[in-house]
Amino acid sequence: MKYKDFEFEVNPQDIRLAMKKNISKQSIPYKNEKCEEINSKASIVSGKGYFVGQDAMNKAYMLSRTFNKKGSDFLFTPFCAPMKMFFTSLDVKYSACDSRVEFTFEFTQDAPYKNAEYDFDFTVAKKDENLFDISDRTGIDVEKIASLNDFGDLFAVKEGDRVWLM
């Protein structure tokens, strides 16, 4: 797992991804209930882990410094595509001996980046986006996106176009 300039040597022991959607439900007389997706809420990545060894306290200190840096950045996890997130919570527990430090964490997705419709292989272009914007939003290199799609021009993508990412 990696965020900003901090990379975990070993991934935390538990990592959880929580995703939610707002759904509108309407009862229709003599028919089934009508459901409609309104929007998606910001995703949350949370978990816990520990550092061990002579440099466990130093690793915890470096993680705390990363937490204190302002702004969002891409979080790279072993189980999903990179997401732009804020580091929103960190709890560090030091043991009596210096060789083990436990921690829990939480990241919250940067809201402007949640509006895209994702499948595992593509995203849907938003209004006034170009391939550079999509690259920035998804964390995938613009050259890779251009090679997977046939837009002819990096600025030719239109709102609603399916843009292949893999």
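**Entry 1. The helix and the strands beneath.** I began with helix α1, residues 56-68, and found that this helix lies across β1, β2, β6 (44-52), β8 (83-94) and β9 (100-109). I noted an angle of about 140 degrees between helix α1 and β8. I record here that the model is a predicted one.

**Entry 2. The sheet.** I then looked up the strand order. The sheet is open, has seven strands and reads β2-β1-β7-β8-β9-β6-β3, with antiparallel pairing. I asked which strands stand at the edges. They are β2 (6-7) and β3 (14-18); each has a single partner strand, so one side of each is left without a neighbour in the sheet. I kept in mind that strands of a sheet pair through backbone hydrogen bonds, either parallel or antiparallel.

**Entry 3. Strand pairs, taken along the order.** I followed the pairings one at a time.

- Strand β1 (residues 2-3) is joined to strand β7 (residues 73-76) by two bridges, and the two run antiparallel. I found Phe 76 in β7 as the bridge partner of Lys 2.
- Between β7 and β8, also antiparallel, I found three bridges. Leu 75 has Met 83 in β8 as its bridge partner. The connection from β7 to β8 is a hairpin through six residues.
- For β8 and β9, which run antiparallel, the number of bridges is nine. One bridge partner I noted here is Glu 102 in β9, opposite Lys 93.

**Entry 4. Aromatic pairs.** I searched the whole structure for aromatic pairs and obtained 13. I examined the pair of Phe 67 and Phe 87: the ring centres are 5.1 Å apart and the planes stand at 90 degrees, so the pair is edge-to-face. Phe 67 belongs to helix α1 and Phe 87 to strand β8, so this pair ties together parts that are 20 residues apart in sequence.

I next asked whether Phe 87 is buried or exposed. Its relative accessibility is 9%, and Phe 87 therefore counts as buried. Phe 67, at 26% relative accessibility, counts as partly exposed.

I also traced a cluster linked by ring pairs. Its members are Tyr 3, Phe 6, Phe 8, Phe 51, Phe 67, Phe 87, Phe 103, Phe 105 and Phe 107.

**Entry 5. Charges over rings.** I closed with two arginines. Arg 100 lies over the face of Tyr 50, at 4.1 Å from the ring centre. Arg 162 lies over the face of Phe 122, at 3.9 Å from the ring centre.

Technical notes:
Residues numbered from 1 in each chain as written. Predicted model: local features only at pLDDT ≥ 70, side-chain atom pairs only at ≥ 80, totals over all residues. Heavy atoms only, no water. Pairing = 2+ DSSP bridges. Helix = DSSP H or I, 4+ residues; strand = E, 2+ residues; numbered from the N terminus. Contact = heavy atoms within 4.5 Å. Axes fitted to C-alpha atoms, helices over the stretch in contact; angles between N-to-C directions. Phe/Tyr/Trp six-rings, centres within 6.5 Å; stacked < 30°, edge-to-face > 60°. Buried < 20%, exposed > 50% of the residue type's maximum accessible area, 1.4 Å probe, protein only. Lys NZ or Arg CZ within 6 Å of the ring centre and 35° of its normal.
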